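Me: I'm new to this structure and would like a close look at a single part of it, the sheet and the strand at its heart. Could you walk me through that part and what surrounds it?

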Amino acid sequence: MAERDPRDPTQPFNPHDLTQQFEQLLRTRRLNALTDRTRSRRGSHSSAHASPTPSRPSSRHTPQLPPRPSQDGTSTLPSYASLRNMPKIPSPPQDPQSLRFRNQLLTLSHGPVKYENPGLLDEALGVIPLDRIYGEAEDESQLLRATAASIGPNVKPEWGYQDCVIRALLKWFKGTFFTFVNNPPCPVCASPTVALGMTPATQDEAARGAARVELYRCSENDCRAFERFPRYGDVWALLQTRRGRCGEWANCFTMLCRAVGGRVRWVWNAEDHVWTEVYSEQQKRWIHVDSCEGAWDNPRLYTEGWGKKMSYCIAFSADGATDVTRRYVRNASKHGVDRNRCPEEVLVWITDEIKNLRRENIGKEDRRRLIIEDHKEEKELRGYVVQALAAEIGRINLSDQASSTGDEQKVPGRVSGTQAWREARGEAGNGPRAEDQRPPREGH
């Protein structure tokens with residue numbers, strides 16, 4: 001069949017051909033740039049060191065590739081630093097480390113699926129004081145509407161009613177429902193306990209999702225009783241025990257948010273922390289919520305408040321997985337950690353794979369809506385990078401004024417856990433000081 005002439009508007013347009021041409025162009029540019037960098041390091045510009053140029057498609061409508069840089073510098077390609085900011089082409093994992101990371105993310109992605117269990121949702125609703133939550137949400141929503149109306153006729157409230165429901169739920173969950181555990185008290189005399197390490201889970205504990213169990217002993221010589229602290233991963237068990245650390249808090253709270261109608265994500269951080277994201281229909285974006293800290297829409301909390309350095313922050317939901325690291329690490333050079341578990345193109349491939357798995361059975365309209373949301377979120381995440389660069393340039397240019405006025409915004413430090421525990425995890429930051437027993441280091 002005759003190839004399409006790009007000058008003939010009557011012939012049909014084939015987007016697949018254009019995609020192949022773009023990918024070929026990108027590969028060739030990268031190859032040329034890398035080759036030139038290698039030649040410059042060796043200090044030789046002889047043709048003997050040049051890499052063979054990939055063969056070009058025979059199609060007449062293939063765009064002409066830019067010329068190779070000449071020795072006199074009359075024609076220069078963009079640097080590789082600029083090319084790396086172009087859209088990444090997803091690549092499947094090949095090396096063992098990338099494959100292990102893929103398996104880990106696939107395993108983690110199964111967690112939020114259980115939040116769609118109707119029986120579990122009913123169980124969760126049974127423990128929530130709905131009259132109190134909805135009453136507080138209505139009061140706050142009316143106040144926000146009145147504040148917006150006082151500003152102008154076309155001003156929208158900052159948060160919608162559903163956002164106020166989650167905010168009321170957060171206040172109740174942290175203040176009344178769930179308890180943070182450092183060292184559990186002695187079950188006999190209620191005295192402080194001393195950590196002894198890990199112990200195997202019993203059959204009953206394993207059945208309720210306890211992958212590991214911490215063992216403690218009473219510090220009183222006359223007692224010396226033992227106390228077990230199973231780290232339950234099953235939400236139903238957490239609704240009964242109502243205690244734990246970051247992992248249990250985020251797991252249970254995310255489930256309760258789903259029970260009151262919120263669209264939720266469970267966010268995993270490679271440096272041992274987890275939290276929640278809830279979608280705001282009012283603001284059309286995902287909102288950071290940390291039930292442990294009582295934090296709402298404060299994604300800079302961990303890096304700028306706790307002093308935590310982070311590499312990967314992956315959000316999992318019933319609709320897929322998204323790399324949201326840029327939302328939480330605004331200054332990668334200051335607060336970032338090397339992302340060396342797999343190449344970036346492979347991570348894009350893995351998150352796309354999880355999205356396809358979660359969305360394969362949904363309707364066409366829902367799939368289209370999620371794709372639009374993905375594009376909006378990607379634009380938002382890119383905006384954080386631009387804001388961080390602009391802020392860094394501003395700090396460099398106005399360093400004297402900033403040091404004299406002291407107007408730099410402060411982010412609160414961590415409040416959950418003892419000071420010793422926070423310091424052991426490298427999360428003390430600007431948190432309050434407290435003297436208490438130091439619990440084991442294992443796990444969030």
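Reply: Happy to! A little background helps to begin with: of the 444 residues in the chain, 41% are buried. Please keep in mind that this is a predicted model. The chain's secondary structure comes to 16 helices and 11 strands. Among contacts with a separation of 6 or more, 65% are between residues 24 or more positions apart.

Now to the sheet. Six strands make up an open sheet, in the order β9-β8-β7-β6-β10-β11, and their pairing is antiparallel. Its edge strands are β9 (295–296) and β11, each of which pairs on one side only. At the β9 end, strand β8 (residues 285–290) pairs with β9 in the antiparallel sense over two bridges. There you can find Asp290 standing opposite Ala295 in β9.

The strand I'd look at most closely is β6. Strand β6 covers residues 264–269, and six of its six residues are buried, so β6 is largely enclosed by the rest of the structure. In a regular strand, side chains alternate between the two faces of the sheet. For β6, one side holds Val264, Trp266 and Trp268, while the other holds Arg265, Val267 and Asn269. Both faces are covered, as these residues are all buried.

What does β6 pair with? Strand β7 (residues 273–280) is joined to β6 by six bridges, and the two run antiparallel. In this pairing Val264 stands opposite Val278 in β7. β6 also pairs with β10, again in the antiparallel sense, over four bridges. Here Trp266 stands opposite Phe316 in β10.

The link from β6 to β7 deserves a pause. These two strands form a hairpin, with three residues between them. Asp272 sits in the loop between β6 and β7, and Asp272 has a positive phi of about 75° although it is not a glycine. Most residues other than glycine have a negative phi, and that is why such a value catches the eye. Is Asp272 buried or exposed? With a relative accessible area of 16%, Asp272 is buried, because the cut-off for that word is under 20%.

Another positive phi makes a useful comparison. Arg242 lies in the loop between α8 (235–241) and β5 (243–244). Phi of Arg242 is near 60°, a positive value in a residue other than glycine. Arg242 has a relative accessible area of 35% and is partly exposed, whereas Asp272 is buried.

Back at the sheet, some of its residues also belong to a nonpolar core. The largest nonpolar core has 59 residues, and those touching the most other members are Leu105, Leu169, Phe173, Leu256, Trp268 and Phe316. You have met two of these names already: Trp268 is on one side of β6, and Phe316 in β10 is opposite Trp266. Follow Leu105 for a sense of how the core is joined up. Leaving aside neighbours within four places in sequence, Leu105 is in contact with Trp268, Ile314, Phe316, Leu347, Ile350 and Ile354. Another core, of 12 residues, lies apart from the largest one, and its members include Trp275, Leu301, Trp306 and Met310.

Then there is the empty space. Rolling a probe the size of a water molecule over the atoms shows where such space is left. The count comes to three cavities of 30 Å³ or more, and the largest cavity holds about 90 Å³ of space. Which residues lie nearest the centre of the largest cavity? They are Arg265, Ser317, Thr322, Arg359 and Asp374, out of 15 residues in the lining. Arg265 takes us back to β6, on the side it shares with Val267 and Asn269.

Several elements contribute to that lining. β10 (313–317), β11 (320–323), α13 (344–359) and α14 (364–397) each supply at least two of its residues. The largest share, four residues, comes from α14. By class, the lining has four nonpolar, three polar and eight charged residues.

To put the part together: β6 has neighbours in β7 and β10, and both of its faces are covered. Its Trp268 is among the residues that touch the most other members of the largest nonpolar core, while its Arg265 is among the residues nearest the centre of the largest cavity.

Methods:
Residues are numbered from 1 along each chain as its sequence is written. This is a predicted model: local features need pLDDT of at least 70, side-chain atom pairs count only at pLDDT 80 or more; totals for chains, interfaces and linings use all residues. Side-chain values use heavy atoms; hydrogens and water are left out. A nonpolar core is a set of buried Ala, Val, Leu, Ile, Met, Phe, Trp, Tyr and Cys residues joined through side-chain atoms within 4.5 Å. Buried means under 20% relative accessible area, exposed over 50%, partly exposed in between (1.4 Å probe, protein chains only). Contact means heavy atoms within 4.5 Å. On a 1 Å grid over the protein atoms alone, a cavity is a set of points where a 1.4 Å probe fits but cannot get out, and a pocket is an open set with protein on both sides within 12 Å along at least five of seven lines; lining residues have an atom within 4 Å of a point. Grid points are joined across faces, edges and corners, and a volume is the space filled by probe spheres set on the points. Ala, Val, Leu, Ile, Met, Phe, Trp, Tyr, Cys and Pro count as nonpolar, Asp, Glu, Lys and Arg as charged, and the others, Gly among them, as polar. Two strands pair if DSSP finds at least two bridges between them.
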